[in-house]
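I opened my notebook to get to know this one from the start. Here is what I looked up, entry by entry.

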Amino acid sequence: MKKELLSGNEAIALGAYAAGVRFASAYPGTPSTEILEQLARMPGVYAEWSPNEKVSLEVGIGAALGGARTLVSMKHVGLNVAADPWMTLPYVGVNAGLVIVSADDPGMHSSQNEQDNRYYAKMAKVPMLEPADSQEAYEMTGLAFELSERFDTPVMLRIETRLSHSRTLVEYSDERRAVDLPYDKDAAKRVMIPGHARLRHPVLIEKLAALAAEAEGFPFNRVELRSPAVGIITSGVSYYHVREAFPGASVLKLAFTHPLPVDLIRSFCSQVERVIVAEELEPFLEEAIRGLGIALSGKEYLPRDGEFDPVVVYTSLQSQLPAEVAAAGAGDWARAAAADPDLPGRPPVMCAGCPHRGVFYILRKLKMVVSGDIGCYTLSVLPPLAGIDCQVCMGAGLSMALGMEKAFSSSAVNAGLARKVVGILGDSTFIHSGITGLVDMVYNGSDATIIILDNSTTAMTGFQEHPGTGVTVLGEKSPALDLEQLCRGIGVSSVRVVDPWDLAATEQAIKEETAREGSSVIISRRPCVLKRPPAKRLFRVLEENCNDCGLCMGLGCPALAREGERPEILEELCAGCTLCEQVCRRDAIQEYGS
Amino acid sequence: MTGNVLMVGVGGQGIISAARILAQVAVDEGFQVKTSEVHGMAQRGGSVQSMVRWGEEVLSPLIPRGAADVILAFEMLEGLRSLNQLRAGGLVIMNRKRIDPLPVLAGDAEYPAGIEERVLAAAPGTRIVDAGALAAQAGNARAAGAAMLGALAAGLRFAPSAWERALKAIVPAKALEANLRAFDLARRG
């Protein structure tokens, strides 16, 4: 047995490997991304970046039906994309075990919302497990596969950022099970025409009762009786925040959280005077347990937004709980000041040399209405670029533009904006869920202009490959999706490619395409400078020519600092993209070496 | 022994690696260890935080605000920003390094003046380190992270051999020598 500090993500990958997983699919999404990356390095495991989470779950379903234990992982909003197969899959069942890892992001460290995906398990009638640390993540992944096969159901392993990206000690074995199940045809079970589905739903309902009985004895649920004055029910990483904040309280740690082990919960609650449910985000456990007729408190005191830590748990509940169950030092936590709000923030920014920068600079210069999407380019929303007007989900950068253009075109008040609408999204995002929007653009007619920001990678999540890069997660070559051909095949009337490091050409393209009637796609193409660093070129500001007009500062480049009265180019950060040289009207920026 | 070390700075300064090395030392010395970090903003100039906790038993992977024993600040503004997380009597080790955030670069905000004085006033005993200079002295500007760890090592009671083992296990071979030198210079400094 080995013993190592592992992140939750690493532990899940190892647990899946030990359980004999042969198939893994995912689309990159923080905080889940490393699970697939880790599995891709393991011998005997087929791993793929699918174009999006819906596809990743569908191929996963096929693999599981085909007799291979399968792990599909995604961030929370990814399950929104995969919700269609997710909802009918439980009716169909699995064959070999199928575990879906759903990674929430309380506190929105890198997400556009903090939805609580535990409801997905409830909505689909899928059993759900919640590990509290990396050791549990490792062991519960193996148990999840057993559960999946024993009950013929997908299993959700629900994790969150602090499980994914915290590293805790794991004892694990190198051994790997071999699982290779025969395939048999069973259309009545696997083809969900209404006649079949009507018979499968009652099976699923009954299965839930059997799973609830299973939950009662699940080894990672744990009753810890301490003070009888208060019992706190909790799950996941929050268990540890509760233990640290209120070491004297009795605790029911739940790890099997759908369906709930009702007898275990009743028994625990009967042994304490007061019951508190301490869970991040929604009152998922609270409402279910209150529904059993048990009096308790939860969101009356604990926040529904943001992530937990010992301080949040302590300050929310301290007035409600006897002082003797609280941590000795907790008073200091409560007295600690909040961070000084007057200090300048340090938001993440697009890198020096980022190929997206030029596009946003021009869009702002031309005062376009920009419908935006999810990726590094979303960072353009910050001043000075203030580059996008709206952003909701993957692919919406393209489709929202279509709707805006139509609304503006039929408006008197906004008529002037009809030719000003630009929809923007990245190459990986476009393949993820922009293609169908582009079909709408042609099929239902639109004068909007779409810009695909093609930097040849899925950057924000860590430079993963995608169907447009011509390389798979396993490092193998594959046919690269040809964006121009795809757009033309869809019927887009004008498709052109520009280099976003050439501001004049970019401006001309945007002006022409927005003025043109009919559908337009501009592909802004240049590789991400972090993934493919360009040859180093050295630039400096010539003080004698610079009048501090501030035009170059409008680029929002982190390599341009205003030191005293003149901008200065920070050599170690500058990528030599020449945008500042191009915007300068006084020849005050000059190359001097390489 | 228990420890709660909060490392703060800017993406790209090597904080995640430093946290990994410290954690490895604590594991090696037989403690339970938990670390936390937030990914994603690392290469895009955003603030970065890593937490390393060790002890006989470690519960939350997050250090409660007001409970950090040590703040290892790789950059001055982030060091100042994180002061509220330090416990009374805690130690700050701060790198004399300034990296302007975008609002300052753009001229919309001022980089705070007198950070060293403010930190010293809030945490007497603060050690200011010029990790960049130490790294240069050691032969590799990118060994600044190792210099920060050396300064930290001087304030902790882990065996030097455990530090050396952890550095050897984690630092890439070609950078190892300069890193060990920078670590040593800072520890003895």
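I began with burial: of the 594 residues in chain A, 58% are buried (under 20% relative accessible area, with a 1.4 Å probe and protein chains only).

Before going on, I noted that this is a predicted model, where local features need pLDDT of at least 70, side-chain atom pairs count only at pLDDT 80 or more, and totals for chains, interfaces and linings use all residues. Residues are numbered from 1 along each chain as its sequence is written, chains are lettered from A and ligands numbered from 1 in the order written, and side-chain values use heavy atoms, without hydrogens and water.

Next I asked about the surface of chain A: about 22500 Å² is exposed by the Shrake-Rupley method with a 1.4 Å probe, and carbon and sulfur atoms supply 53% of that.

I then looked at overall size. The C-alpha atoms of chain A fill a box of roughly 80 × 65 × 55 Å along the principal axes.

For contacts (heavy atoms within 4.5 Å), I counted pairs in chain A with a separation of 6 or more, and 75% of them join residues 24 or more positions apart.

Last, I turned to the partner chain. How many residues does each chain bring to the contact? Chain A brings 50 residues and chain B brings 49 residues. Together they bury about 4200 Å² (accessible area lost on being put together, 1.4 Å probe, summed over both), and carbon and sulfur atoms give 60% of it. On the chain B side, Arg44(B), Leu102(B) and Leu105(B) lose the most area to chain A, together 18% of what that side buries.

Technical notes: Buried < 20%, exposed > 50% of the residue type's maximum accessible area, 1.4 Å probe, protein only. Buried area = accessible area lost by both parts, 1.4 Å probe.
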